[in-house]
Amino acid sequence: MSNSWNQLWKNAVQSGHAIAIWRLPNQPNKQLIIDETGGTPYASMDLAASPSGFIVAPFEGDQTFLLASHMHVLPISASEYAISDSYAPIAADLGDQLYFTEQVQRSIEKIQQGEFQKVVLSRTAEQLFDASFDVLLAFDRLCVAYPSAFVSAVFLPALGSTWLCATPETLVSQDRNGIFSTISLAGTQAALFADGTRMSVQEVRWSQKEIEEQAYVSRYIIDCFKKIRLREYIENGPKTVLAGNLMHLKTEYWVDTTKYNYPGLISTMLELLHPTSAVCGTPKEAAKSWIHAVEKHDRSLYSGYLGPVNVDEETHLFVNLRTVRLAPFAGQIKATYFAGCGITEESNPEKEWLETEMKCQTLQRVLSV
Ligand SMILES: C=C(O[C@H]1C=CC=C(C(=O)O)[C@@H]1O)C(=O)O
């Protein structure tokens, strides 16, 4: 990574400017944007009319930021880093584990009582790094370790923190030919056998629980299409996909907005979809109330969305998963990893805990070496 880029990052953080760098899935180039105003609170969901920039939105609330003015988009070619697998996973906090597994059990009971069908509960794990922690080096390593993920680093002065993510989940996207796409992603398994060898997607077997968990998300997307009477979508899946150290079930949806004359589809779908059943639950409002009742942490940007808007005539917004918040803490940097899991009637609390452990490790294994 070039020194000038490092300098731009340091200057932006010190001067209270907002800054984001990102790398789209399977792309060689990385891009950078600086907003010297610190980012504009963004209310309008008319993405087509939005200036070219980068949007960052939380799980809920109105603190959505658009990084737009004073923009520089710099394509920067990829670097090479060897990613080693030798890292020390964060030791599980037994109190956290007990609390989380109890809440999963209570969620299963609520589902059995018919209060909702699926809920996504999340947790955090913390780690301290030296004050010299290099965000851009971590970003670069994530790009190398997870070529098919959307990788980004964002500093927002209003939050006083930097967020790094390597997410596998597109929320909404529209390319320069007017092709809209979204995905349904849920169901999780380790991508490694117990002896550490990598599994192929063909070797993965899914249980009824995971198939159902993912089907809730697909049904939710199709219900959103139905609400706006859109029938002209193409559906492909579910298929097994590799996402870093994990496998998921994924179904893709496309709409040709030019051919079928849906110019505002991306904004409408963004408003209908977020937060999807992959990060909240079904039905949405009942699941959200349960999340509020049970989760002790503020999700903040975790399970919100972020990505470039109208950059090179394209918009790509991703769900902020496999994410970590980095903030100064007593002369060091505190890393807070966020991870959640979809709970259905068939869930097993211990397995759900282990799933959140594996999700936290997606970033931790790259940041800790
Ligand atoms: C909520 C998360 O993942 C979602 C996306 C894929 C698989 C998921 C699952 O199997 O539970 C979740 O729905 C997370 O990574 O924190």
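**A tour from the ligand to the nonpolar cores**

Begin by selecting Arg 322 together with the ligand: a polar side-chain atom of this arginine lies 2.8 Å from an oxygen atom of the ligand. Please note that the model is predicted.

Next, add Tyr 302, where an N or O atom of the side chain is 2.7 Å from a ligand oxygen atom. Then display the backbone of Gly 340, since the contact there involves a polar backbone atom, placed 2.8 Å from an oxygen atom of the ligand. Taken alone, the ligand exposes 390 Å², and the protein buries 100% of that area.

Now widen the selection to the 18 residues around the ligand; Thr 188 and Ala 278 join Tyr 302, Arg 322 and Gly 340 as those that come nearest. If a cavity display is available, turn to the largest cavity, in which the ligand sits.

Leave the ligand and select Phe 54 and Leu 67, the residues with the most contacts inside the largest nonpolar core, which has 49 residues. Around Phe 54, show its contacts beyond four places in sequence, among them Trp 22, Ile 33, Leu 67, Phe 150 and Pro 308. Finally, select Phe 133, Ala 138, Val 151 and Ala 335, which belong to a second, separate core of 33 residues.

Technical notes:
Residues are numbered from 1 along each chain as its sequence is written. This is a predicted model: local features need pLDDT of at least 70, side-chain atom pairs count only at pLDDT 80 or more; totals for chains, interfaces and linings use all residues. Side-chain values use heavy atoms; hydrogens and water are left out. A nonpolar core is a set of buried Ala, Val, Leu, Ile, Met, Phe, Trp, Tyr and Cys residues joined through side-chain atoms within 4.5 Å. Buried means under 20% relative accessible area, exposed over 50%, partly exposed in between (1.4 Å probe, protein chains only). Contact means heavy atoms within 4.5 Å. A residue is near a molecule or strand if one of its heavy atoms lies within 4 Å of it. A polar contact is a pair of N or O atoms within 3.5 Å; within protein, one must be able to donate a hydrogen and the other to accept it, and residues adjacent in sequence count only if both atoms are side-chain atoms. Accessible areas come from the Shrake-Rupley method with a 1.4 Å probe; for residues, only the protein chains shown count as cover. On a 1 Å grid over the protein atoms alone, a cavity is a set of points where a 1.4 Å probe fits but cannot get out, and a pocket is an open set with protein on both sides within 12 Å along at least five of seven lines; lining residues have an atom within 4 Å of a point. A molecule sits in a cavity or pocket if more than half of its atoms lie within 2 Å of its grid points.
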